[in-house]
Amino acid sequence: MLPPLALIAEISPHQLEVAETLLQVGRFLVIFIAARAIAELMVRLQLPTILGELVAGVLVGVSGLHLIVPPETQAQISAGLLSLLGSLAEIRPDEVADLYNETFPSLQSVSQIGLFALLFLTGLESELDELVAVGVQATTVAVAGVVLPFALGTAGLVFFFHVPLIPAVFAGAAMTATSIGITASVFGELKWLKRKEGQIVIGAAVLDDILGIVILAVVVAIVGGGSFSLGPVIKLGLAAVAFVAVALVLSRKAAPAFDWVVDQLKAPGDVAVASFVVLTLCCFVAQAIGLEAALGAFAAGLILSASKHTHDIDAAVKPLVALFATVFFVLIGTGMDLSVLNPLDPSNREGLIVAAFLLAVAMAGKVAAGWCYLSSDPTNRLVVGLGMMPRGEVGLIFLGLGSQAGILTPALEAAILLMVIGTTFLAPILLRLVIPAEPEPLAQEIPS
């Protein structure tokens, strides 16, 4: 049997072009129709639209119709879809499947653009003075939100379920994450992004990303069997702190230079292109020094938040977020395998019991973190805690790493997946229940 690339090489250039176009356009068609249909339902139920996008992903993904299936899930694409595309492109269904896997990274790249645009917009709409003012509070929330789930989850797995130490540590590490993308989307949609609670959560989520990177580096070193050294971890942590500090300084110094450059540009799309130059540059720098590119996207928004063109930047970026962030959230849903929820399958029962424990600890640890800060002004601490709860794509990254390393049993792998699914779906619902439909006016201003 020929390998996938050899099969694709046998296809004529015209057939290849037709098949690729059908795949690329067809995936977007499925994503946008499904996401919009479910999002409209969520709006009528007064729930955040991001929940609809996640549900849409589940419906068309490995737990539903198998129309969009991430290759890493090892799930089979719908046979009917393969036959339809094969007949239209005049190639065999197995060739369509191979081409699907080869071209899927391009869809993931589009979804990354959506995530970066969303985080850029979050940084842009963050009130810098308010974000700095809640720095100490955000730090304590972030530290508590990492330490509590990690310690409780690891200890519980070891002592109650007799899980070996390394897999238990890995599962505990997966519980430390906070999906800043999901959090930012929900708070932005509910108009609480600029409130003190929103600023604390966004600041804490950014710090969670930094702490998560450090924890991930430690876990990878342990899992890889290499000698663990404290030096690289300290270096990584210092690089993250320095990166955020430089972004805060540049937000004061670089915005006037950006405005001058934009004022000199005359071609259409000047603001959008100049903004994305800053966005991509910050993502590049962040990734180059060992941090997550998503952190760079948020920093880019912070840098331009003091620009006089903020309104124009906001207007240019929002349509991109509406399109491409939808792709990002739908893809998260497509990779969620809900078959592990079936209690009638004996192989699932152990995972369900462990999952119930992990989900309870994952929720309790983050909610408790909402009470781990001091404030002279009245704030809704439950909103802060719930805002830290979704694990989303960050939790899936941890899970994927553990699966590739082969250190997780099927039961523990299923339990971590259910913890990620549960926190990702429950957070938007619970936030909508505790946040008023029409938020109160900003009575408590943070002193500049």
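Start by selecting helix α8, which is mostly covered: eight of its ten residues are buried. Keep in mind as you click around that this is a predicted model. To see the covered part of α8, color P167, A168, V169, F170, A171, G172, A173 and A174, its buried residues.

**Next to α8**

Now add helix α18, residues 410-434, to the selection alongside α8, residues 165-174. The two helices pack with their axes 11 Å apart, at an angle of about 10°. Since angles under 35 degrees count as roughly parallel, α8 is roughly parallel to α18. Show side chains where the two touch: P167, A171 and A174 on α8 meet L412, I416 and M419 on α18. A bit of helix geometry is handy here: an α-helix has 3.6 residues a turn, so residues three or four places apart point the same way. P167, A171 and A174 from that contact are also on the list of buried residues in α8.

**A pair from distant parts of the sequence**

Jump to helix α14, residues 310-334, and pick out I332. Buried or exposed? I332 counts as buried, because its relative accessibility is 5% and the cut-off for buried is under 20%. Now select P70 as well and draw a distance between the two C-alpha atoms: I332 and P70 are 262 residues apart along the chain, yet 9.5 Å separates those atoms.

**Out to the surface**

Switch on a surface and go to helix α12, residues 270-288, where you'll find F284. With a relative accessibility of 61%, F284 counts as exposed. Add L281, V285 and I289 to F284 and you have a nonpolar surface patch of about 390 Å².

**Two backbone oddities**

Which residues have a positive phi without being glycine? One stop is H66, with a positive phi of about 60°. Look for H66 in the loop that runs between α3 (49-60) and α4 (79-89). The side of H66 you can reach from outside is limited: H66 is partly exposed, at 22% relative accessible area.

The other stop is K191, where phi is also positive, at about 65°, and again the residue is not a glycine. Find K191 in the loop between α9 (180-189) and α10 (196-223). K191 counts as exposed, because its relative accessibility is 63% and the cut-off for exposed is over 50%.

Conventions:
Residues numbered from 1 in each chain as written. Predicted model: local features only at pLDDT ≥ 70, side-chain atom pairs only at ≥ 80, totals over all residues. Heavy atoms only, no water. Helix = DSSP H or I, 4+ residues; strand = E, 2+ residues; numbered from the N terminus. Buried < 20%, exposed > 50% of the residue type's maximum accessible area, 1.4 Å probe, protein only. Patch = residues over 30% accessible without salt bridge, like charges linked within 9 Å, V, L, I, M, F, W, Y side chains within 5 Å. Areas by Shrake-Rupley, 256 points an atom, 1.4 Å probe, with all protein chains shown as cover. Salt bridge = Lys/Arg side-chain N within 4 Å of Asp/Glu carboxyl O. Axes fitted to C-alpha atoms, helices over the stretch in contact; angles between N-to-C directions. Parallel < 35°, antiparallel > 145°, perpendicular 65-115°, else oblique. Contact = heavy atoms within 4.5 Å.
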